[in-house]
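I opened my notebook to record what I looked up here, going from the sheet to the core and then to the charged pairs.

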Amino acid sequence: MYDYIKGELVELSPAEAVIECGGIGFSVLISLQTYQMLEGKTQAKVFLYHYLREDDELIYGFATKDERELFKLLISVSGIGVGSARMMLSSLSDEEIRKAILSEDVHRIKSVKGIGLKSAQRLILELKDKIVKCGGVEATLPLVGASNAVAEEATTALVMLGFSKPAISKVLPDIIKKNPQGKVEDYIKAALQKL
């Protein structure tokens, strides 16, 4: 329903941010890693997750889309609620959570307050394939010549077309190397022929 909110950062604590947009102050629950990214800023843009239940309506905010997507994956697991997912994102970075799931590191996941052995095992069982399918740990592209923004835009477009980040990271650097001054469209077309 809501994608993001952008406005003046009125209040900030490790658990909550108040962002004023259009004269309205929105209370947004955040993780510790989002807090660290917003700290010291006067303007903020956070990606939102609207949590709505019969007796509860909350808005969760994330500094990046990746963090929000991981949050959604975490709460899709039976027994992991919004509170536990936020605790995980406060205790471990996105990359650490993905690596722990992919390497089946039960102890690392269990180290998060509120996550027991069975919940950690269920998390690994249910999310390992989904994380592999979505590209796992963020692949960094060695960019030669092209701006990061152009390569990032091409990568985002290819992900939206259904390709995984690891597959994209295998072909895109070569394409950029051959045509360092290319446009986003050129990179996408060339990648589509190789993927």
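In which sense do strand S4 and strand S5 pair, and over how many bridges? I looked this up first, bearing in mind that the model is predicted, and found that S4, residues 43-53, and S5, residues 56-62, pair in the antiparallel sense over 7 bridges. As one such pairing I noted Leu52, whose bridge partner in S5 is Glu57. I then checked the connection, and S4 and S5 turn out to form a hairpin with 2 residues between them.

**Entry on the barrel**

I next followed the strands around, and I found that 5 strands close into a barrel in the order S1-S2-S3-S5-S4, with mixed pairing. From one strand to the next, the twist averages 55°. The word "mixed" made me look for a parallel pair, and I found that S3 and S5 run parallel and are joined by 2 bridges. Here I wrote down that Leu29 stands opposite Tyr60 in S5.

**Entry on the loop before S3**

I also looked at Gly23, which is found in the loop between strand S2 (16-21) and S3. Is Gly23 buried or exposed? Gly23 counts as exposed because its relative accessible area is 61%, and the cut-off for that word is over 50%. I checked a distance as well: Gly23 and Glu8 are 15 residues apart along the chain, and their C-alpha atoms are separated by 9.9 Å.

**Entry on the core**

I then asked which residues have the most contacts inside the largest nonpolar core. This core has 28 residues, and the ones I was looking for are Leu74, Ile109 and Leu123. At least two residues of the core come from each of S4, S5, H2, H3, helix H4 (94-102), helix H5 (106-110) and helix H6 (117-134), and the largest share, 5 residues, comes from H6. I added a general remark to myself, that in soluble globular proteins nonpolar side chains tend to be buried together. Looking at Leu123 more carefully, and leaving out residues up to four places away in sequence, I listed Leu74, Val77, Ile80, Met88, Ile101, Ile109 and Lys128 as the residues that Leu123 touches.

**Entry on the charged pairs**

Last, I turned to the salt bridges, of which the count comes to 6. Asp3 forms one of them with Arg68, where the closest N and O atoms are 2.9 Å apart. This pair links distant parts of the chain, since Asp3 lies in the segment before strand S1 (4-12) and Arg68 lies in helix H2, 65 residues apart. I compared how accessible the two are: Asp3 is partly exposed, with a relative accessible area of 34%, whereas Arg68 is buried, with 6%.

Arg68 also forms a salt bridge with Glu69, with 3.9 Å between the closest N and O atoms, and Glu69 is partly exposed at 36% relative accessibility. Putting these together, I noted that Asp3, Arg68, Glu69 and Lys72 are linked in a network of salt bridges.

I closed with Glu95 and Lys99, whose side chains meet in a salt bridge at 3.0 Å, N to O. Because they are 4 residues apart in helix H4, Glu95 and Lys99 are separated by about one helical turn. I recorded Glu95 as partly exposed, with a relative accessible area of 39%, and Lys99 as partly exposed too, with 45%.

Notes
Residues numbered from 1 in each chain as written. Predicted model: local features only at pLDDT ≥ 70, side-chain atom pairs only at ≥ 80, totals over all residues. Heavy atoms only, no water. Pairing = 2+ DSSP bridges. Axes fitted to C-alpha atoms, helices over the stretch in contact; angles between N-to-C directions. Core = buried A, V, L, I, M, F, W, Y, C linked by side-chain atoms within 4.5 Å. Buried < 20%, exposed > 50% of the residue type's maximum accessible area, 1.4 Å probe, protein only. Contact = heavy atoms within 4.5 Å. Salt bridge = Lys/Arg side-chain N within 4 Å of Asp/Glu carboxyl O.
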